[in-house]
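Work through these exercises with the model open. Each task is followed by its solution.

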Amino acid sequence: VTGLRLALATLAAAAAIALLAPALAGDRPLLLRQRGALSMPIVDGPGGPGGDPLRAGLGPDDWALWPPVAHDPDAVRTDGAVAPLAPPSARHWLGTDDRGRDVAARLIHGTRTSVAIAAAAAALATALAVLLALLAVRAGGAVDAAVRTTCDAVAAAPPILTVIAAQGLLGSRGVAAVIALIAIPRAADSARLVRARLRAVLATPFCDAARAAGATPARVLVRHGLPHAAPVLATAAAVTAATAVLAEAGLAFLGVGAPPPTASWGELLAQATANDLRWWLALPAGAAVTALTAALLAVARRPGPGAI
Amino acid sequence: VSARLIAARGLAVLIAAVAAYLLAWSLAELAPAPAAERAARAAGVLPPDDAGSTAVRAALIARAEARFELGGGAAARIGRAALRAIRLDAGASWRDGAPVAARLGPALAHSAAVAGPALVLAIAAGLGAGLVGGTGARRGGAGPALAAATALALAMPPVWVAQLVIGGGADGALAAAAVLALAPAAVIAAHVQAAQAGFLASAVATAIRARGASPRRLAWHHGLRLAIASLAPLAASTAAYLVGATAVVERAFGRPGLGRLAVDAAAAGDVPVLAALAAVAAAVIAALTGAADVAARAADPRLAEAP
């Protein structure tokens, strides 16, 4: 139970960081009082200087409330005061990458990338799995056999290689393609589990009772079958999300993930490999992937429902 | 294990490879640009934008169409791919016209040098740790520790493990194989641990003990046979993981192989190479799944009667 609580706390923290990333890391103040006027530059968006130019322009009566990591994750600095690949310092808590970008800021915004891809892949895989399982169980016979065989084949597809090959074959890149290509093999795997669960539920006496009371086959399936498949779906969704986090990191490491300059944990790992394994690039990003994946897998392993 | 079973699994490998090859060619037909234009672009002879003379562009595309036999509609191109598949001819790379087999062979050898030992290592380490953990779990010993180690191994991205290993000074093919083996070994260990604990608590184990078998023989002889038999359902996912993660681990260790070939081919849009890679990946996964099935039937005679 303690492990599960820790996992849920990790997931909540990751979700909060993902949602609040612009407020946690950025070069625009959360709140600014300048020349007597109060504003919220982080809400107002770009317009006027941010970061160091804004700091330099503040008068004696002006003040600004900055994000905890007051650096833009995409701001490239190749010269000047901040050297590329600078180790951690008071100014850059986790150092800078090979383009002088703040690693802490990119780590925080990378959380948003990983969480978004994991959540989208899990949602898409779950929706597809439910549709496929309902189709297989409702139609039965040859359709059921076809869905089962197709799912067996598709579920065996290796996620990373599938995404790489499909991007080259279809000539399309981007986050949406990555999400879809991670979700489809996982949907096939989840559909097999949901189908098996639905078939077990439909063979129970309470489903017989529902049929005897006049419920249509579709109603029995959706009203009585699906709720009992929800725990299986939740487990499958957690595994899909964990798979997506790992796959995204692997794809970004290979340079075929989210397009630049999107901040990504895998991109930080790729920079570490390309730059003599600088520890401030490798350790935080690797630890972040491990923590989020471990939390998702711990949720997936929680005690499941009893046998039907 | 009958020759018929092995032949059936061999046929499944062939079918999987051909199906993946044709599926890849079919997917390529969904791309917005015509195949001949993509081939010319992959060869680098076509400007990336619509710059240049229209007549020159048309000539370059026509030349690529003739060189790579890309004329006709999608059905004709997929049909020609099917004929090539029957002849076991993967065609020529769109990038430089070299035979795909000449590109694939060396890359496959490099990847096999890492993935092969990784598979052996994963099975050996997973079986050993699972049997120790499953036997220890009955006595309240190594079970929880193994569960924690398994959870950590599954959560760590292979690239990060590779970086930690390289940072520690190990940089050879065996180190790459060990990194690649970590997650499959953890899955196998967890599976075997549960199977072993269940077996030792079963009436079958009690009966074997009653006939005079020592605890060691019970755990390591009878338990091992059943553990091997229980691995068959993991074969497909383990094979898929090895095929996919090899690309990442190879890159992390700076080694050539199928991973680099796939990334380069995808960047160039080299469909013949990608289709051949899909066929190889499907064949490897089907072959490992079939081999696991055959091994399971050999280890557990009760499975021999299954279809």
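**Exercise 1.** In which helix is Ala82(B) found? Then classify its exposure.

*Solution.* This is a predicted model. Start with the helix: Ala82(B) belongs to H4 of chain B, residues 74–86. Next, take the accessibility. Ala82(B) has 22% relative accessibility. Buried means under 20% and exposed means over 50%, so Ala82(B) is partly exposed. Last, look across the chain. Tyr21(B) is 61 residues away from Ala82(B) in sequence, yet their C-alpha atoms are 8.3 Å apart.

**Exercise 2.** Describe how H5(A) and H10(A) pack.

*Solution.* Locate the pair: H5 spans residues 103–139 of chain A, and H10 spans residues 217–254 of chain A. Read the geometry. The angle is about 145°, and the axes lie 7 Å apart. The crossing of H5(A) with H10(A) is right-handed. Now find the contacts. H5(A) contributes residues including Ile117(A), Ala121(A) and Leu134(A); H10(A) contributes residues including Leu221(A), Leu233(A) and Ala244(A). Finally, sort the contact residues: 17 are nonpolar, four polar and two charged.

**Exercise 3.** Which residues touch the most other members of the largest nonpolar core?

*Solution.* The core holds 114 residues. Four of them touch the most other members: Ile164(A), Ile182(A), Leu254(A) and Trp94(B). Helix H13 of chain B, residues 271–299, gives the most to this core, with 11 residues. Separate from this core is another, of 17 residues, including Val201(A) and Leu221(A). Now zoom in on Trp94(B). Leaving out residues up to four places away in sequence, Trp94(B) touches, among others, Trp25(B), Arg38(B), Phe68(B), Asp270(B) and Pro272(B).

How values were computed: Residues are numbered from 1 along each chain as its sequence is written. Chains are lettered from A and ligands numbered from 1 in the order in which they are written. This is a predicted model: local features need pLDDT of at least 70, side-chain atom pairs count only at pLDDT 80 or more; totals for chains, interfaces and linings use all residues. Side-chain values use heavy atoms; hydrogens and water are left out. A nonpolar core is a set of buried Ala, Val, Leu, Ile, Met, Phe, Trp, Tyr and Cys residues joined through side-chain atoms within 4.5 Å. Buried means under 20% relative accessible area, exposed over 50%, partly exposed in between (1.4 Å probe, protein chains only). Helices (H or I, at least four residues) and strands (E, at least two) are DSSP runs, numbered from the N terminus. Contact means heavy atoms within 4.5 Å. Axes are lines fitted to C-alpha atoms, for helices over the stretch in contact, and angles run from 0 to 180 degrees between N-to-C directions. A crossing is left-handed if the near helix is turned anticlockwise from the far one by less than a right angle, and right-handed if clockwise. Ala, Val, Leu, Ile, Met, Phe, Trp, Tyr, Cys and Pro count as nonpolar, Asp, Glu, Lys and Arg as charged, and the others, Gly among them, as polar.
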